[in-house]
Amino acid sequence: MDSCDFSSIMKCIIKHIDESNPINQPDLLYEVFYDYFSSPENTDVTFDEGLICRWINRHRRVSPKIRSYYAKTSKTEKLAETLQKNIMPLMADWGKTLEDINNLFMQDPLISNTQKESLESLYESDNSQFLFLAKLIVFGMNRPFINRNTENQKLIASATLSPVVLDYIMGNEVPRPCRHFLGRE
């Protein structure tokens, strides 16, 4: 089960972008953080493609400058407007995107019920769904960062490690069967 953080939310958005609107990761993040880049104090900031890739793949935390910029309530509301104006037109099915992100949020066992209830009310209201997504992106950026373990990702990709069992295995290696076990009768 994936945690609801910036990486997971962005991957969900990327997954639902319409094929007729191809956009690369740097351009997508520029559109998401449009207000940050268009503000006068941030005109000299540029994106490094490798850094963006690490943000989206959960290998690095989003820049502290971006996190602190959007932590203010007025900036979160601007982010909601930006999402509606810049990101929604790229989607094939905006409702399905929001539904998947909401499911990701509601199924995260590390989020308190109080937090879930406060943001769920925004999701259920039709005129505040963009604010729901904006607050969720800010929440995901400011959560304690958990680096994605690349060794486990390789094991999952090669089908030698199940994601279900991943939480129960203490090391990087899958336990080997014991050859000396005689069996049960």
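Does Arg58, at 8% relative accessibility, count as buried or exposed? At that value Arg58 counts as buried, where buried means under 20% relative accessible area, exposed means over 50%, and partly exposed lies in between, with a 1.4 Å probe and protein chains only. The structure is a predicted model, in which local features need pLDDT of at least 70 and side-chain atom pairs count only at pLDDT 80 or more, while totals for chains, interfaces and linings use all residues. Residues are numbered from 1 along each chain as its sequence is written, and side-chain values use heavy atoms, with hydrogens and water left out.

The protein chain as a whole holds 10 helices and zero strands, where helices (H or I, at least four residues) and strands (E, at least two) are DSSP runs, numbered from the N terminus. Of the 185 residues in the protein chain, 39% count as buried. The protein chain exposes about 11,400 Å², and carbon and sulfur atoms supply 51% of this area, with accessible areas taken from the Shrake-Rupley method with a 1.4 Å probe, and with only the protein chains shown counting as cover for residues. A contact means heavy atoms within 4.5 Å, and among the contacts in the protein chain with a separation of 6 or more, 69% are between residues 24 or more positions apart.

We can now return to Arg58, which is placed in the loop between helix 4 (49–56) and helix 5. Most residues other than glycine have a negative phi. Arg58, however, has a positive phi of about 60° although it is not a glycine. Arg58 is also one of the residues in contact with Ser3, and the others, leaving aside the neighbours of Ser3 within four places in sequence, are Ser8, Leu104, Asp108 and Arg143. Ser3 itself is found in the segment before helix 1 (6–15), and Ser3 is buried, with a relative accessible area of 17%.

Helix 9 (residues 129–142) is a good place to continue, and its packing can be followed through three partners. For these descriptions, axes are lines fitted to C-alpha atoms, for helices over the stretch in contact, and angles run from 0 to 180 degrees between N-to-C directions. Angles under 35 degrees count as roughly parallel, over 145 as roughly antiparallel, 65 to 115 as roughly perpendicular, and the rest as oblique. Helix 1 and helix 9 pack at an angle of about 140°, with their axes 7 Å apart, which makes helix 1 oblique to helix 9. This contact is made by Phe6, Ile9 and Ile13 of helix 1, together with Leu133, Leu136, Ile137, Gly140 and Met141 of helix 9.

The axes of helix 6 and helix 9 come within 8 Å and cross at roughly 120°, and the two helices are therefore oblique to each other. Here helix 6 passes helix 9 in a right-handed crossing, a crossing being left-handed if the near helix is turned anticlockwise from the far one by less than a right angle, and right-handed if clockwise. Residues of helix 6 that meet helix 9 include Leu79, Ala80 and Leu83, and those on the side of helix 9 include Phe130, Ala134 and Val138. The axes of helix 7 (residues 94–106) and helix 9 come within 11 Å and cross at roughly 45°, which makes helix 7 oblique to helix 9. The crossing of helix 7 and helix 9 is left-handed, and among the residues that meet there are Trp94, Leu98 and Phe105 in helix 7 and Phe132, Leu136 and Phe139 in helix 9.

Two further residues can be placed in relation to this part of the chain. Leu122 lies in helix 8 (residues 113–124) and, at 16% relative accessibility, counts as buried. The C-alpha atoms of Leu122 and Phe132 are separated by 5.3 Å, although the residues are 10 apart along the chain. Lys72, in the loop between helix 5 and helix 6 (73–87), counts as partly exposed at 46% relative accessibility, and its C-alpha atom is separated by 9.6 Å from that of Val138, 66 residues apart along the chain.

The last feature concerns aromatic rings. Rings of Phe, Tyr and Trp (its six-membered ring) pair if their centres lie within 6.5 Å, and planes under 30 degrees apart count as stacked, over 60 as edge-to-face and the rest as tilted. By this rule the count comes to 11 aromatic pairs. The rings of Tyr36 and Tyr69 have their centres 5.3 Å apart and their planes at 75°, so this pair is edge-to-face. The pair links distant parts of the chain, with Tyr36 in helix 3 (residues 34–38) and Tyr69 in helix 5 (residues 64–70), 33 residues apart. Both Tyr36 and Tyr69 are buried.
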